[in-house]
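The exercises below are meant to be worked with the sequence and the model side by side. Try each task before reading the solution that follows it.

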Amino acid sequence: MSPQTNAHRPERSFAIIGHPVGHSLSPLLYETAFRQLGLPHTYERIDVPSDLLAARIPEFRATLAGFNVTIPHKHSIIQFLDAVSEEAQSVGAVNTVVNKDGRLVGYNTDIDGIIASLKPVVGSTRRMYAVLLGAGGSARAVLHVLTRILQISSVTIVARSASQMKQLVRDFDGAQTRLITIPFSSAALSEAIRSSSILINTTPIGMHPHILDCPLDATIQFPEGLAVFDLIYRPMRTVLLQRASAAGCATIGGLEMLLHQGKRAFELYTGKELPLDSVRDQLVRSLSAEEASHPQ
Ligand code: NAP
C-alpha cells in the first residue's frame with residue numbers, strides 16, 4: 001500500500017491510545033518533532049480500556065488525524081480499521097493508524113524500528129542464529145523481521161506458554177528460517193544462547209519499576225560475538241544489557257526501536273522526516289532525568 005499523507009492540512013490532532021498510557025514517551029517524541037519543524041499539531045495520551053475501544057472509534061475517526069496504538073489494542077484495533085497494510089496484516093498487529101479523510105488505515109511501524117535496531121549487527125549475512133525471549137505482540141513483529149525480511153538461519157523461541165509458542169511456529173513457519181521452541185526453565189536455553197549470534201528480549205522483565213530483574217539467570221554465559229537487543233527502553237540500560245556489555249557483547253537498547261518506529265509513523269502522519277537526532281537527545285535527556293530520580 002502506498003502511504004498517503006494529510007500534510008496539506010494546517011493543524012491536526014494526534015494521540016496514543018492504550019491502557020495504561022500514562023508513561024508513554026510518544027507525546028514527547030512527536031511534540032519535540034512538531035516544535036522543531038514549526039508544525040502546529042497536538043499529541044495527547046488517551047487511556048482506553050479494552051471494553052471501551054469499540055465505542056471510542058467514531059470519536060477518533062472524527063477528531064484525530066492519526067493515532068498510535070499500544071498495549072493492549074495492537075491486535076484488537078484491526079477489526080475497526082478500513083484498511084491494513086500487508087505487513088501489519090502479516091504480523092497481526094497495528095501500532096499506527098492514519099485517518100485518510102475518514103478512512104482509518106493501519107500500519108505496523110514497529111517493523112521499521114526493529115530493522116533499524118538490528119541493522120548495525122546483522123549486516124548482509126543471513127547465517128545468523130537468534131534466541132528470542134517472549135512470545136507476545138512485539139515477538140511477532142521481531143519474528144516477521146527475522147524470518148520474512150532478514151530470513152536468518154534459525155530462531156529459538158523461549159517463552160513460558162507452550163500454546164503461544166506453537167501459534168508463533170504455525171504463523172511464521174514456511175519461510176527460510178528454522179523455528180525451534182524451548183521453555184524458559186530449560187537447560188537447553190544455555191546451550192541455545194552459547195551457539196547463537198543474537199539474543200533478543202521481548203519480555204518486559206527488567207522494565208521500570210522492576211529494573212533489577214533480568215530474564216536470564218546469572219549462570220547463563222554470553223558467548224563471544226553475541227549481540228544482545230533488549231526492546232525495553234525504560235531503563236535505557238537494563239540489567240540484561242549491562243551483563244551483556246560486561247561480557248564484551250554488542251548491545252542495543254529499545255530506544256532506537258522507539259525512535260525509528262516513531263520516525264516512520266511521523267512520515268505517514270505528516271509527509272515529513274522526523275528530526276531524529278534532536279528527538280533522540282530530548283528522549284535521552286528525559287529518560288536520564290527519570291533514571292536519576294529513581295536510582296537503582
Ligand atoms: P506482550 O504482548 O504482553 O508480550 C510479553 C511477552 O513476555 C509474553 O510472551 C509474556 O508471556 C512474556 N512475559 C511477561 N512476563 C514474563 C515473565 N515474568 N517471565 C517470562 N515471560 C514473561 O508485550 P509486548 O507488546 O510484546 O511488549 C513487550 C516489551 O517490549 C515491553 O517491555 C515493551 O515496553 C517493549 N516494547 C518496546 C518497544 C520499543 O519501541 N522499544 C515497542 C514495543 C514493545 P505470557 O504471555 O506468558 O505472560
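**Exercise 1. The ligand and its surroundings**

Which polar backbone atom is 2.9 Å from a nitrogen atom of the ligand?

Solution. Before starting, note that this is a predicted model, in which local features need pLDDT of at least 70 and side-chain atom pairs count only at pLDDT 80 or more, while totals for chains, interfaces and linings use all residues. Residues are numbered from 1 along each chain as its sequence is written, and side-chain values use heavy atoms, with hydrogens and water left out.

Step 1. The atom sought belongs to the backbone of G254, 2.9 Å from a nitrogen atom of the ligand; a polar contact here is a pair of N or O atoms within 3.5 Å, and within protein one atom must be able to donate a hydrogen and the other to accept it, with residues adjacent in sequence counted only if both atoms are side-chain atoms.

Step 2. Oxygen atoms of the ligand also meet the backbone, with a distance of 3.2 Å to a polar atom of G136 and of 3.3 Å to a polar atom of L258.

Step 3. The ligand on its own has 920 Å² of accessible area, and the protein covers 76% of it, as computed by the Shrake-Rupley method with a 1.4 Å probe; for residues, only the protein chains shown count as cover.

Step 4. There are 21 residues around the ligand, and A135, G137, S138, R160 and L231 come nearest, where a residue counts as near if one of its heavy atoms lies within 4 Å.

**Exercise 2. The two sides of helix α2**

Which residues of helix α2 are buried, and why do they lie on the same side?

Solution. Step 1. Helix α2 spans residues 53–63, and L53, I57 and F60 are buried in it. Buried means under 20% relative accessible area, exposed over 50% and partly exposed in between, with a 1.4 Å probe and protein chains only; helices (H or I, at least four residues) and strands (E, at least two) are DSSP runs numbered from the N terminus.

Step 2. These residues share a side of α2 because they cover an arc of only 75 degrees around the axis, the arc being that of the directions from the helix axis to the C-beta atoms. An α-helix has 3.6 residues a turn, so residues three or four places apart point the same way.

Step 3. The face turned away from the buried side of α2 carries the exposed residues A55, P58 and A62.

Step 4. The packing partners of the buried residues of α2 are the strands β1 (13–18), β2 (42–47), β3 (66–69), β5 (96–100) and β6 (103–107), with contact meaning heavy atoms within 4.5 Å.

**Exercise 3. The two sides of helix α6**

Which residues of helix α6 are buried, and which elements do they pack against?

Solution. Step 1. In α6, which covers residues 162–172, the buried residues are M165, L168 and F172. Seen down the axis, the buried residues of α6 fall within an arc of 55 degrees, so they line one face of the helix.

Step 2. On the other side of α6 are the exposed residues A162, S163, K166 and R170.

Step 3. The buried residues of α6 pack against α3 (86–91), α5, β8 and β9 (178–183). After the helix comes G174, with a positive phi near 100 degrees.

**Exercise 4. Two cysteines**

Why is the sulfur of C214 not bonded to that of C249?

Solution. Step 1. A disulfide is counted for a pair of cysteine sulfur atoms within 2.5 Å.

Step 2. The closest cysteine sulfur to that of C214 is in C249, 12 Å away, and therefore too far for a bond.

Step 3. The count of disulfides by this rule is zero. As for its exposure, C249 counts as buried, at 8% relative accessibility.

**Exercise 5. Backbone geometry in the loops**

Where are the cis peptide bond that joins I71 and P72 and the one from R234 to P235?

Solution. Step 1. The bond between I71 and P72 has omega of about 5 degrees, and P72 is placed in the loop between β3 and β4 (83–84).

Step 2. The bond from R234 to P235 has omega near 10 degrees, and P235 is in the loop between β11 (227–230) and α8 (239–246).

Step 3. A further backbone feature is the positive phi of D101, near 50 degrees in a residue other than glycine. D101 lies in the loop between β5 and β6 and counts as exposed, at 64% relative accessibility.
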